Amino acid sequence: MATKTNKNSNEQSRPRDLLTPQQMREMLTQLYLARYFDVRLIKEKKRGRLRGTLYSSHNQEAILVGSLFGLKGTDWISPIHRDMPAFFLKDMNAGWRNPDRIGMTIEEVCAQVWGKAGSPGRARDNWSHIGSKSKRIIHSTSMLAGTIPAAAGVVYADRLDGGDAVVLTFNGEGSTAQGIFHEAINFAAVHKLPVITIIENNQWAYGTPTHLEYSLEDFARRADGYGIPGLIADGQDVLDVYDKVMMAVEHARAGNGPSIVECKTFRAYGHGDHDDDRAAKYRPKDEVEEGRSRDPIAVMKRQLVALGHMTKEEAEQHLAENKGAGEVTDIDFPEEVVAYLNEGVQYAIKSPLPEAEEGGMWVFKEVE
Amino acid sequence: MASLIDGAAGTKKNYLTAIKEAIAEEMARNPHMIAMGEDIGILGGAFGVTDGLQARFGPERVIDMPISEGAIVGTACGMALNGKTVMVEMQFIDFISCGFDQIVNMTATYHYRTAGEVNIPMVIRGPAGGYGGGALYHSQMNEAWFANSPGLKIVCPSTPSDAKGLMISALRDPNPVLFYEIKELYRKREIEEELNAGDDAIVPLGKARIAREGADVTLVTYGQNVWHCLEAADNLAKEGYSAEVIDIRTLVPLDEETIIASLQKTNRLVVVNEAPMTCGFAGEILARMTTKAFRYLDAPPARVTRLDTPVPWVKPLELHVLPSVEKITETALQTIRF
C-alpha cells in the first residue's frame, strides 16, 4: 500500500519529473504513431487492401504509450485486441528501427494484420493474437483476462531464474468480470509477483455499459480485496498514466507485488469497425461527444507547451487531434510517423500468404 | 521420505508409489521442473502422491496453490512459456473442468498458434475413475473432452511400471500431457510390481501393451478396465475362447498398428472404457477400426462403456452404470458367436 500512503510525497516527486523534454516530445510522437496506425488501417480497409475486423485504440493511445514508455526491454507485456500498437511500441525507446529492440517491428505487426506469412505467428490466428517469446510479449486468445495467469507464471519463472522483469497486462473493464481475472490476481498477490494489471476502463464492454458490469464507482478499489495497491490514472493524460504505471512498476520491482492501475478513458468508436454504425445508436450522443472531448494528443500538446518543451507553432504543425479517421490526412501527422507505417504496409502487402499445408502443422512439437 | 520414495531393491511397489518415484526422480534430474496444485506441499497431496516433495525441493518449486484450477493451469502455462517444465496436480480429475479454458484454448493451442515458436511442457495429472463410491464429482473419466481438443496428449496407465514409465515420458515430452491416474489402483496390493529407476523405467507414449495374448476376440481398453478385461478373459477361457487384451496406455497418440495387427488374428473387436458412451473414446477406436480394419472383421465391433449418465454414489447404482466383468464377458461372447 506504499503508493497510497506516500501520495503527498509522490505529488512532489513524480516519475515524470525525471523525463527530459526530448523524451516528452517522443511520447507525443508515439501518440501520433499509435493514432496513425489506427486511421491508416481504416483507410487501407476502405481502399479494399485489407480484410478482417479492426479494433480501434482511438482515444486510448495515452494508456499504451504512457504505460510502455518506462519499461525495460526485458519486461514482459500481455496486450489484447484494443492494444495493437503495443506490439511495436514495446521497447520503442531503444530506437524505432533498432534490430535489437525487444519489441515487434512495424513490418511484423502489419504482416499480421494483413494475414501474411511475415507475421510472427504466420497468420494462424487473427488480429492481436500474436506474441513473441524472444520479444517478451504474451500471445493472447479471445478469452478475455485469460492471459493474466500466464503473465503471473512468466514472472514467477523469471524470478526463480534471478530476473527482475515485471509484466504489464492490458485489459478492458469488461474482462474484469471473468473468474480468471480474480484467480490470477489473487495468485499474483499471494506470491507478490510483479504483475501490473492495467484496466482500460473505456466505459463500454462491446454493447454493455459499466453500470451493468460492476457495482463500484472506481474499479481500482477492487485491489483492496487482494491487499494490493489500486491506482487511478486519467487515461487521456499520457503523463498521468506514465506516473501511475511507473509507481506500480517500482513497487513491483522492489519485490512488493502486484498493482491494479485503472485508466479512465472512453471508447471512441464501436467495439470493432463492424460495430461502428450500431455503436452510434446504442450509445447516447452526448456521452460519446463528452468521451471524445479530451483527445490524448491535444492533452499532451497543451502540457508540452505549458512546460515550455514545445512552442505553440510546433504544436500546431500537425493537427490529428479531435478528428475522426475519415477526417485526418497524412499531413496531420509527423513525416517520420507516416514513413514508418509505409514501411510496415509495403512489407505486409508484399509478404506472401502462408502455404495451405501449414494449416495442418504444429499441433504437437516433435519429440527429440 | 527418501526411504519411502526410493525403497529397497527387489521390493514390489504400488501404482501410487510408482508415480511418486517418477515425479521425484524427474524433479531431481530437471532443475527447471516445478510442481503445483492444491494441498500438494504441506499436506503432500490429498492422496499422498507428492508426499515429501516440498521438503525435498522447497516451496518455490513445489507450490501449494489456492483453489483456482484456472489459475493453476494458466500460471503453469506461463511458467512453461518462460522455460519451465510444470507438473500440475488436479486434486481430482473431475475438477479439471474449472480450468477448461486454460487447458483447451490457452495451453493446447500454444504451439499451433505460434507456428512452433512456443511449446508448453506441462503434465496435468490427477486421480480419476469410478468404482469407488466417489459419486458424481469424484469418479469421472472426462478424457474425451480433451481428446477432442487438438494439441493435448492423453495417458492412462493401468500398472505400476507403466505409471512410472509413462509419467517419466510425459514429464520429458515437449507438449502438454493429460495424465489420468486410476485412484482405485493407487494402493491395490494385487498389482504391485518391482520398478526400474530413471531411464530404464521409461515407457514411450504411443505404444500399446498386449496385456494378454489370445486368438478369438480382441478386447481394447485402458485404465482399470484393463483388469476387468483380464478377468473377462478368464471367464471366456472357461467357455473355450481365448481373448487378447490390449492396453492402449495412451489415447493420444493412439497405437493403431497394435490393434490392427491383433484384429488380423482375432477378427473380432470389443472396446471397453468407463467414460459415457456418446462421443467417448471407445467410439473413436470403433470408428477408426471400422474404417482401417474392416476387411479383418467377422462381426460388428462392439463397445462396453458407462451408460450415458453421471456416476451415481451408492454401490448398486454405480455398478449399474459402469462396465463390469459380466457385461464385458457377455458382449465378447455375443461378438464371438455372431
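The buried residues of helix α6 in chain A pack against three other helices of that chain: α3 (21-46), α5 (86-89) and α14 (335-350). This is a predicted model, so read what follows in that light. Besides that helix, here's a quick look at an arginine in chain A, a nonpolar patch in chain B and a few backbone oddities.

**Helix α6 of chain A**

- Helix α6(A) spans residues 106-113 and is mostly covered, with 6 of its 8 residues buried.
- The buried set is made up of Ile106(A), Val109(A), Cys110(A), Ala111(A), Gln112(A) and Val113(A).
- Right after the helix comes Gly115(A), whose phi is positive at about 70 degrees.

**A buried arginine, Arg283(A)**

- Look for Arg283(A) in the loop that runs between α10 (276-282) and α11 (285-291) of chain A.
- What is the nearest side chain of opposite charge to Arg283(A)? That's Glu287(A), 5.9 Å away, and Arg283(A) has no salt bridge even though it is buried.
- A salt bridge would need a side-chain nitrogen of Lys or Arg within 4 Å of a carboxyl oxygen of Asp or Glu.
- The Arg283(A) side chain does reach a backbone oxygen, that of Arg267(A), at 2.8 Å.
- Setting aside neighbours within four places in sequence, Arg283(A) is in contact with Trp204(A), Phe266(A), Arg267(A), Ala268(A), Tyr269(A) and Val288(A).

**A nonpolar surface patch in chain B**

- Trp313(B), Val314(B) and Leu317(B) make up a nonpolar patch on the surface, and together they have about 320 Å² of accessible area.
- Val314(B) sits in the loop between β12 (302-306) and α12 (315-321) of chain B.
- With a relative accessible area of 37%, Val314(B) counts as partly exposed, because it falls between the 20% limit for buried and the 50% limit for exposed.

**Backbone oddities**

- Val252(B) and Pro253(B) are joined by a cis peptide bond, with omega at about 0 degrees.
- Pro253(B) belongs to the loop between β10 (250-252) and α10 (256-266) of chain B.
- Trp362(A) isn't a glycine, yet its phi is positive, near 65 degrees.
- You'll find Trp362(A) in the segment after α14 of chain A, where it is partly exposed with a relative accessible area of 23%.
- Tyr131(B) is another non-glycine residue with a positive phi, here near 75 degrees.
- Is Tyr131(B) buried or exposed? Tyr131(B) is buried, because its relative accessible area is 11% and the cut-off for buried is under 20%.
- Tyr131(B) lies in the loop between β4 (122-128) and α7 (143-147) of chain B.

Terms used. Residues numbered from 1 in each chain as written. Chains lettered and ligands numbered in written order. Predicted model: local features only at pLDDT ≥ 70, side-chain atom pairs only at ≥ 80, totals over all residues. Heavy atoms only, no water. Patch = residues over 30% accessible without salt bridge, like charges linked within 9 Å, V, L, I, M, F, W, Y side chains within 5 Å. Areas by Shrake-Rupley, 256 points an atom, 1.4 Å probe, with all protein chains shown as cover. Helix = DSSP H or I, 4+ residues; strand = E, 2+ residues; numbered from the N terminus. Buried < 20%, exposed > 50% of the residue type's maximum accessible area, 1.4 Å probe, protein only. Lys, Arg positive; Asp, Glu negative; His and termini not counted. Polar contact = N/O pair within 3.5 Å; in protein donor to acceptor, adjacent residues only side chain to side chain. Contact = heavy atoms within 4.5 Å.
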